[in-house]
Amino acid sequence: LLRVKALDEIGLVSLVDGSLFPTIINMEWAEYKKTKKAIRLHLEFGLNQMIPLEFNGLAGNSSERNFLKKIVQRGVTYIADRGYFSFDIADIIAKANAFFILRIKNNMRFEVGKTLVLSGNIPNCLDHLTDELIRFNNDPHKRVVRLIRFSVIGSEFQIVTNRLELTTLQIVMLYAYRWQVELLFKFIKRCLMGIHLFNHSKNGVNIQFCCLMILSVLYLNTKQFCKIAVANTTKTVKNQGNLQLASTSNLEDFNNFSCFDPEKWINSINKAFAQFWKVTSYWIENLKDLIDKPFDFQTIKLLAYS
């Protein structure tokens, strides 16, 4: 599988999130609400290769933070939304010699120790951007962290991290890439029809999730193989524009759209991965149509350009 070299230069990056899968009311183990049952798929998504790394299907009311605690590994940067933040989580990750980029609630109190100079080619759609070293008033661990604050069309974001060496823009972009895990959930539910459970036991549900994850990686591997095979045949690997993303050496090269429209800015980020790391339902349908054909260069070419 291809790797995003710009991210490899920063280190291993994992996105952590959970998604609910509604289910029938008589699945007693899938506790969620009094009148509803649901399964929460906890997932660690490796951003460097765009593949799932760890996952577990548990009851809908299961703890997201407990899943994050169990998967922490040395040297990995974990990115998650505000539901995962706590002072204990930040301390556990830091003590494991790992890193975090976590969104926090906007009402948390802190003291600013130092204001940092904004760094990176900041897009115009980010308003009121600040970069500071702070300490939270009620943090029992008294840990100094970096706080980056900005707003986008009235929505305020506060992100804390212990990655002090990265630029302001790199931190913002890495958090923006958190959307990639949401796209995987959407892919599993809609393109792979994962919303329909074949078994109602806890073990059966997790076996189905295993099959879906394996299938998603196999699809990705096939798409990348076809695109690289066609590019190698035409001998334009180094010069062809759609292959340059695989060897991009600077994360900020992906920030190629600076404007006042944040939706277009996020779309420009997603386009950077579309060629090699996005599998569409249209591509899957083409693969199904070709499944009984010889896997020759003509088939590879059709899949490469789907």
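**Cavities, cores and a pocket**

The second largest cavity has a volume of about 60 Å³. This is a predicted model, and it holds 2 cavities of 30 Å³ or more. Rolling a probe the size of a water molecule over the atoms shows where empty space is left.

Start with the wall of that second largest cavity. Its lining includes four phenylalanines: Phe85, Phe87, Phe100 and Phe136. Ala90, Val145 and Val160 also line it. Asp91, Asp139 and Arg143 complete the list. By class, the lining has 7 nonpolar residues, no polar ones and 3 charged ones. Which helix gives the most to this lining? It is helix α3, residues 87-95, with 3 residues.

Now turn to the packed side chains. In soluble globular proteins, nonpolar side chains tend to be buried together. Here the largest nonpolar core has 68 residues. Within this core, Phe150, Leu174, Tyr177 and Phe254 have the most contacts. Helix α6, residues 202-233, provides the largest share of the core, with 9 residues. There is also a second, separate core of 25 residues. Ile71, Phe100, Met108 and Phe110 are among its members. Phe100 thus links two parts of this tour: it belongs to the second core and also lines the second largest cavity.

Next comes the open space. The largest pocket has a volume of about 550 Å³. Its lining counts 23 residues. Leu183, Phe187, Trp277, Lys278 and Val279 are the ones nearest the pocket centre. Which elements supply at least two lining residues each? They are strand β4 (51-59) and helices α5 (179-191), α6 and α7 (262-277). Helix α5 makes the largest contribution, 7 residues. Helix α6 appears again here: it supplies part of the pocket lining and the largest share of the largest core. Sorted by class, the pocket lining has 14 nonpolar, 5 polar and 4 charged residues.

Finally, take a single residue. Threonine 115 lies in strand β7, which spans residues 110-115. Is threonine 115 buried or exposed? Its relative accessibility is 58%, so threonine 115 counts as exposed, the cut-off being over 50%. Which residues does threonine 115 touch, leaving aside neighbours within four places in sequence? Its contacts are Asp131 and Glu132. Asparagine 250 lies 135 residues from threonine 115 along the chain. The C-alpha atoms of these two residues are separated by 25 Å. Strand β7 also takes in residue 110, and Phe110 is one of the residues of the second core.

Conventions: Residues are numbered from 1 along each chain as its sequence is written. This is a predicted model: local features need pLDDT of at least 70, side-chain atom pairs count only at pLDDT 80 or more; totals for chains, interfaces and linings use all residues. Side-chain values use heavy atoms; hydrogens and water are left out. On a 1 Å grid over the protein atoms alone, a cavity is a set of points where a 1.4 Å probe fits but cannot get out, and a pocket is an open set with protein on both sides within 12 Å along at least five of seven lines; lining residues have an atom within 4 Å of a point. Grid points are joined across faces, edges and corners, and a volume is the space filled by probe spheres set on the points. Helices (H or I, at least four residues) and strands (E, at least two) are DSSP runs, numbered from the N terminus. Ala, Val, Leu, Ile, Met, Phe, Trp, Tyr, Cys and Pro count as nonpolar, Asp, Glu, Lys and Arg as charged, and the others, Gly among them, as polar. A nonpolar core is a set of buried Ala, Val, Leu, Ile, Met, Phe, Trp, Tyr and Cys residues joined through side-chain atoms within 4.5 Å. Buried means under 20% relative accessible area, exposed over 50%, partly exposed in between (1.4 Å probe, protein chains only). Contact means heavy atoms within 4.5 Å.
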